[in-house]
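Thanks for making the time this morning. I would like to walk you through one model, going from its confidence scores to its sheets, its domains and the contact between its chains, so please have the view open in front of you.

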Amino acid sequence: MPAIAKLSDEDVKFLETVFPGALITKPEELNVYVSDASLQSGSPLCCVLPERVEQVQALFAWADEKRIPIYVRGRGTNLVGDCVAFKPGIVVSTARMDHILEINKGDFVAVVEPGVNTAQFQAACEAQGLYYPPDPASVKGSSIGGNVVTCAGGMRAVKYGVTRDFVLGCEVVLPGGDLVKFGGRAHKNVVGLDLARLMVGSEGTLGFISKLYLKLIPKPEASATVMAGFGSYQEALGAVGGVFDKGILPCTMEYIGERIVKLMNEQGNVPWPADKVRSVLLIQVDGSRETLPIEMRRLEESLPTAVWTTRGLGKDEEEPLWEIRRRINPVVFALAPNKHGDDAVVPRGSLVKAVDEFVRISKEYNVIMVTYGHVGDGNIHVNVLYNAEDPDEKRRADEAIHAVSRAAVAMGGSESGEHGIGVVKDVLLQISRRERDLMRQVKACFDPHGIMNPGKGY
Amino acid sequence: MAKRGCTQCGNCFNVCPVFSLIRREEVSPKAKHGLMDEGWKENSRLNWTSMLRLANFCASCGRCANICPRHLSVPERLNQTRARRPGWQQRFWKLWIGGRKVFWPAAKYAAPLWPHSLLPEKLGCMQNSALAMKEPAKTAPWLKLADASRPLEGLSIVLFGGCTAERLRPAWIEKASALLARLGANVLSAKGFGCCGGTFNHAGLPEAASKAASANAEVWRTLGRPIVATICASCLHGLKDYPHLEGVLSEAEAADWTAKVVPLSSLLKKASFEACAGAPATYAYHSPCHWLPGKDEDMAWLKSVLPGLRKGSALCCGFGGVLQIMNPELSRDLATKCWDGLDARAEVLTGCSGCTLQLASHAPEGARVRHWLDVVDA
């Protein structure tokens with residue numbers, strides 16, 4: 001597809017007609033749309049802010065005809081460059097398509113526009129006693145549409161699943177301008193191929209999701225948390241299986257690795273005995289008020305190797321424990337100014353083996369590495385901390401993070417559990433050329449001229 | 001380690017009153033960090049005037065810094081940016097605040113006489129503020145002291161009234177002083193206190209801010225470093241910032257200052273109050289931005305002594321000091337949204353001089369807003 005360097009007067013006139021007052025072309029206003037949380041930069045020609053699906057249809061008919069790339073953007077929190085216009089094109093912001101159209105208590109279904117913020121949506125559901133569990137770390141900042149196209153995960157995935165498990169249907173504008181509907185509000189639906197879920201995790205490469213039908217469940221009555229300290233990461237990760245063996249399915253199960261615990265110990269104000277605890281598990285269960293104390297007791301019994309435990313029953317008691325988990329991000333920057341964040345997944349039975357291997361990699365490349373994350377589903381966040389101003393250190397950090405991806409795949413895991421591929425990772429590390437070609441052929445059915453987020457994902 | 005830049009996590013979107021109003025990413029705090037990063041570069045491709053115009057879409061509420069994992073503050077950054085190239089707005093603001101003894105009472109009486117249509121657009125908003133300077137009709141007290149105990153006995157306290165109270169609402173100062181005295185405090189003379197300086201800083205006038213802060217710090221020093229009670233959330237915010245201003249307080253003084261600058265409500269809660277017969281069953285409350293979410297001590301105290309408080313749903317009233325001349329339309333729209341989120345049928349209380357005037361200047365027909373001191377019987 002030939003790239004266009006700038007919009008013609010005629011193009012601008014067209015866009016102004018379709019998006020009156022919502023076309024951004026000034027460099028100062030466009031500046032924020034140049035990058036996303038990957039901190040990579042592109043060169044958008046302009047940004048448009050539709051409020052109605054008809055505007056998107058008109059744009060997509062025109063852009064497809066003109067072969068102009070389209071980059072759909074929620075709130076720009078993507079970590080792998082999915083919102084970045086590496087080829088000059090049009091950024092379509094969903095910021096003004098941000099309405100919760102319906103929260104239906106009878107159907108346990110919500111209908112929303114893509115720009116709705118996930119945390120605000122969750123709060124609106126919970127106000128009605130309903131629950132939308134997917135809780136990516138970006139929940140306060142990201143949009144539902146962005147969560148869907150990246151199949152965002154989060155801490156509760158171990159029990160409830162990821163965003164994919166809550167998408168019943170969607171309406172999509174295709175390149176060319178057609179509006180199609182995949183799935184709908186029915187909780188069961190086997191008619192034809194499941195194209196609604198194909199849209200989930202598609203990284204903006206297939207079409208513009210203009211409306212979402214999301215599954216809701218009853219809000220759990222209460223929750224409780226156990227925090228357990230261990231003498232080593234091997235003991236902490238080794239204890240994970242024991243919890244499941246007891247027949248407990250926690251709603252979250254987080255791990256804090258040795259390097260981070262050491263940093264927290266040094267900074268003080270930790271609830272555990274700093275001389276004994278080198279690694280931590282944070283486990284939350286939810287359910288009814290009557291059964292939770294029993295579940296808690298079983299949970300504590302399932303952690304015989306813990307050198308220390310504490311518990312919190314109910315939100316107020318749990319909050320200080322989860323505050324420790326939220327400290328990880330700021331804490332790790334005490335190690336170095338820059339960070340590569342990886343979201344590799346390994347089969348749950350390989351957790352100890354995986355972190356052993358990551359430790360080996362950190363030594364081989366001589367980099368600072370920390371591990372933490374959602375070990376309940378095998379999703380370990382590996383951060384490599386480095387100083388970007390030192391080219392050698394940066395090179396070693398780049399190589400180390402790729403080695404982590406390779407190691408996870410070699411163990412039967414995935415190089416990305418949550419963030420996606422974007423332009424940061426190599427899909428061929430995990431899938432064959434034949435498999436990638438099939439994906440590209442599927443894309444061509446939706447987007448024959450390749451205008452949707454070109455060069456991303458697969 | 002040096003303060004690192006914005007990670008574009010987007011946490012600031014939901015707490016930003018301007019993004020919530022306009023719903024465009026370019027006005028978000030995240031966008032402003034990127035804009036100022038780029039605009040401050042030596043050979044920036046961005047136009048400084050356009051950049052500043054966009055950066056002025058900020059109510060300076062500070063909520064973004066509070067939620068940012070790196071505590072990056074757009075208002076702070078914006079103050080520095082404004083200071084780099086001051087314009088007529090800064091000069092006007094310096095004159096307006098510096099000359100408040102003369103200008104404010106004059107504006108209060110002249111504003112109703114001047115035809116709104118003859119004013120330049122930028123000053124129209126100021127006229128509304130001037131109109132709001134007139135005191136609302138007095139109300140029977142809602143709240144009174146319920147015991148004769150003197151919990152503040154032996155404490156030396158000086159009241160920091162702030163510019164608005166000093167020039168336009170002296171009754172607030174009289175009432176606050178009387179309450180402190182009834183609770184047993186040794187109320188010292190506040191003579192010499194001036195503007196807290198916060199508004200100068202915000203306008204990009206750091207020298208004027210430091211000068212104001214130093215003068216106030218000197219009064220406090222001379223008085224023997226007493227407790228400083230404030231009646232305005234914005235003044236409290238401005239005063240609490242002194243330890244970060246260069247050359248205002250010594251290191252030892254800074255710790256003392258931080259401990260001793262307190263809101264009046266934190267002292268009043270040591271005594272028992274009770275609702276009067278004339279108190280309404282419900283009343284609306286606007287929580288000032290300078291009380292960060294969950295930290296509003298005035299609201300916590302009011303809730304404990306006067307049932308029926310209904311908090312407004314908007315994030316900001318849009319006062320924002322110099323915002324009124326930098327971006328009057330935004331100031332107005334934020335105020336309108338703020339009123340939409342308040343139960344305007346009820347009387348509205350707040351605890352910030354700026355919020356009181358701003359809400360009053362954009363109040364719907366028949367709605368009334370007061371500082372909570374207006375309903376307390378001294």
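Before the first sheet, one term: when I say that two strands pair, I mean that DSSP finds at least two bridges between them. Please also keep in mind throughout that this is a predicted model.

With that in hand, let us turn to chain A, where four strands form an open sheet in the order β1-β2-β4-β3, and where the pairing is mixed. Because β1 (23–24) and β3 (70–73) of chain A stand at the edges and have a single partner strand each, one side of each is left without a neighbour in the sheet. For β1(A), the partner I can show you is strand β2 of chain A, residues 46–48, which runs antiparallel to β1(A) and is joined to it by two bridges. If you want a residue to click on, take I24(A), which stands opposite C47(A) in β2(A).

Now to confidence. The model as a whole scores ipTM 0.91 and pTM 0.90, and chain B has a mean pLDDT of 88, with 93% of its residues reaching 70 or more. Which element of chain B has the lowest mean pLDDT, and which the highest? The lowest, at 65, belongs to helix α8(B), residues 121–131, while the highest, at 98, belongs to strand β4(B), residues 227–230.

Let us stay with β4(B), since we can look at both its neighbours and its faces. Strand β2 of chain B, residues 156–160, pairs with β4(B) in the parallel sense over four bridges, and within that pairing L159(B) has A229(B) as its bridge partner. Strand β5 of chain B, residues 261–263, is also parallel to β4(B), here over three bridges, and T230(B) stands opposite P263(B) in β5(B). As a general point, in a regular strand the side chains alternate between the two faces of the sheet. In β4(B), I227(B) and A229(B) lie on one side and V228(B) and T230(B) on the other, and as all of these are buried, both faces are covered.

Next, the domains. The assignment for chain B gives domain 1 as 17–85 and domain 2 as 275–377, and the centres of these two domains, taken over C-alpha atoms, are separated by 26 Å. Their contact takes twelve residues from domain 1 of chain B and 14 residues from domain 2 of chain B. On the domain 1 side, α1 (17–22) and α4 (63–67) of chain B each supply at least two residues, and α1(B) gives the most, with four. By class, that same side divides into six nonpolar residues, five polar and one charged.

A helix worth a look in chain B is α18(B), residues 328–340, whose 13 residues reach 18 Å from first C-alpha to last, close to the 18 Å expected at 1.5 Å a residue. Its buried residues include L330(B), L334(B) and W339(B), and K337(B) is also one of them.

Finally, how many residues does each chain bring to the contact between chain B and chain A? Chain B brings 25 and chain A brings 31. On the chain B side, the elements giving two or more residues are α2 (29–39) and α3 (48–55), with α2(B) giving the most, at five residues. That side of chain B has nine nonpolar, eight polar and eight charged residues.

Conventions
Residues numbered from 1 in each chain as written. Chains lettered and ligands numbered in written order. Predicted model: local features only at pLDDT ≥ 70, side-chain atom pairs only at ≥ 80, totals over all residues. pLDDT = per-residue confidence, 0-100. Domains from an automatic or database assignment. Contact = placed C-beta atoms within 7 Å. Nonpolar A, V, L, I, M, F, W, Y, C, P; charged D, E, K, R; others polar. Buried ≥ 20, exposed ≤ 12 C-beta atoms within 10 Å, placed from the backbone. Expected span 1.5 Å × (residues − 1).
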